[in-house]
Amino acid sequence: MAPVQTAADRGREVRLRLLGSAAELIAERGWTGVSTRILAERAGVAPGLVHYHFPSLQALLRDAALGMISDLLSTVESLFENAPTLDAGVHMMLGSLDAYTGNDPTSLLFTETYLAATRDETLRTDLSILITEFRRQLTQWLIERGATNPRNTAAVLAAAIDGVMLHRALDPDLTSSIVAPVLRQLISSARHRPNNA
C-alpha cells in the first residue's frame, strides 16, 4: 500500500515543481519573459498556487535562481577538498566550467540572474551573500595552500570564473586549456606579493 500523502507533502511537491519550472523558464525565456500563467502551465498547477506558495512571481524567480546558483557553488566546495595544490585547484575549477557552453540552461540562468540583479535590490543582496560566501571559502583554500594575497586573489579568481562562463556564449573556444595557464600565473604571482589580505 502506497503511503498517504499529506497536505504538507503535496504543498512541498508543488513548491518544488514551481521552483524547477521557474529555473527552466528563466533560462529559456529570460527573467522578464516568465509570467505567472506560463509558469503555472509548465509546473502543471493552477495559477493561484504560484501566489499561494510565494509572495510574488519575482520572489519565486529569485528563490529558483538563487537555489540553482547555490547548488552549483556548493559543488565547487568538493573541488577545494580534492585539490592539494593551487595549480590543481585552478585546473579543477576551470575544467568543471568546460561543461558549460554559455548557451546551456545553467549558463543562461546565471546570465539572466546577474542581469536581473542589476535591477532588483533584493536579488542583488541575496546573490552578493552567495558570492561573498564562495569568496570566503576560496580565500581560506588559498591561505591553506600558501597564497600570500588570498582575499584579493579570491575576488579576482571568482570574477574571472564568472567572466569565463559569460564569455563562453560568445567564444565557445574559451576553454580551460586557454584560461588555466593565465590564471595559474595570477595565482603564482600571488605567492610572491606582499600580503594585503
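## Report on an all-helical predicted model

Helix H7 is followed by Gly146, whose phi is positive, near 90°. The structure described here is a predicted model, and this report begins with H7 before turning to the chain as a whole.

### Helix H7

Helix H7 covers residues 121-144. At 1.5 Å a residue, its 24 residues should span 34 Å, and the C-alpha atoms at its ends are 34 Å apart, so the expected and computed lengths agree. At the N-terminal end, Asp120 acts as a cap: one of its side-chain oxygens lies 3.0 Å from the backbone nitrogen of Thr122.

The buried residues of H7 are Leu123, Leu127, Ile131, Phe134, Gln137, Leu138, Thr139, Trp141 and Leu142. A general property of helices helps in reading such a list. An α-helix has 3.6 residues a turn, so residues three or four places apart point the same way.

Thr139 is one of the residues of H7. Its relative accessibility is 14%, and because buried means under 20%, Thr139 counts as buried. Beyond its neighbours up to four places away in sequence, Thr139 touches Pro150, Arg151 and Ala154.

### The chain as a whole

The protein chain has nine helices and zero strands. Read along the sequence, its pattern is therefore written α-α-α-α-α-α-α-α-α. The C-alpha trace spans about 60 × 40 × 35 Å along its principal axes. The chain has 197 residues, of which 41% count as buried. Among contacts with a separation of 6 or more, 68% join residues 24 or more positions apart.

### The nonpolar core

In soluble globular proteins, nonpolar side chains tend to be buried together. In this model, the largest nonpolar core has 56 residues. Those with the most contacts inside this core are Leu18, Leu39, Met93, Leu94, Leu138 and Trp141. Helices that give two or more residues to the core include H1 (7-29), H2 (36-43), H4 (57-82) and H5 (86-97). The others are H6 (105-117), H7, H8 (150-167) and H9 (176-190). H4 gives the most, with twelve residues.

Which residues does Leu94 touch, not counting those up to four places away in sequence? They are Ile161, Ser176, Val179, Ala180 and Leu183.

### Packing of H1, H2 and H4

The axes of H1 and H4 are 8 Å apart, and the two helices pack at an angle of about 80°. Because angles of 65 to 115 degrees count as roughly perpendicular, H1 is placed in that class relative to H4. On the H1 side, the contact is made by Arg15, Leu18, Leu19, Ala22, Ala23 and Ile26. On the H4 side, the contact is made by Leu60, Leu61, Asp63, Ala64, Ala65 and Met68.

In H2, the buried residues are Thr36, Ile38, Leu39, Ala40 and Ala43. Their cover includes H1, H3 and H4. After H2 comes Gly44, whose phi is positive, near 70°.

### Four individual residues

The table sets out the accessibility of four residues, including Thr139 from H7.

| Residue | Relative accessibility | Class |
|---|---|---|
| Thr139 | 14% | buried |
| Arg62 | 16% | buried |
| Thr101 | 39% | partly exposed |
| His51 | 43% | partly exposed |

Arg62 is located in helix H4. Leaving aside neighbours within four places in sequence, Arg62 is in contact with Trp31, Asp120, Thr122 and Leu123. Among these partners, Asp120 is the residue that caps H7, and Leu123 is one of the buried residues of H7.

His51 belongs to helix H3, which covers residues 47-53. Not counting residues up to four places away in sequence, His51 touches Thr36, Ser56 and Leu57. With Thr36 there is a polar contact between the two side chains, at 3.4 Å. His51 and Gly146 are 95 residues apart in sequence, and their C-alpha atoms are 50 Å apart in space.

Where is Thr101 placed? Thr101 sits in the loop between H5 and H6. The side chain of Thr101 reaches the backbone nitrogen of Asn103 at 3.1 Å. Leaving aside neighbours within four places in sequence, Thr101 is in contact with Ser107, Arg168 and Ala169. Thr101 and Asp87 are 14 residues apart along the chain, with 23 Å between their C-alpha atoms.

Note on methods
Residues numbered from 1 in each chain as written. Heavy atoms only, no water. Helix = DSSP H or I, 4+ residues; strand = E, 2+ residues; numbered from the N terminus. Expected span 1.5 Å × (residues − 1). Buried < 20%, exposed > 50% of the residue type's maximum accessible area, 1.4 Å probe, protein only. Polar contact = N/O pair within 3.5 Å; in protein donor to acceptor, adjacent residues only side chain to side chain. Core = buried A, V, L, I, M, F, W, Y, C linked by side-chain atoms within 4.5 Å. Contact = heavy atoms within 4.5 Å. Axes fitted to C-alpha atoms, helices over the stretch in contact; angles between N-to-C directions. Parallel < 35°, antiparallel > 145°, perpendicular 65-115°, else oblique.
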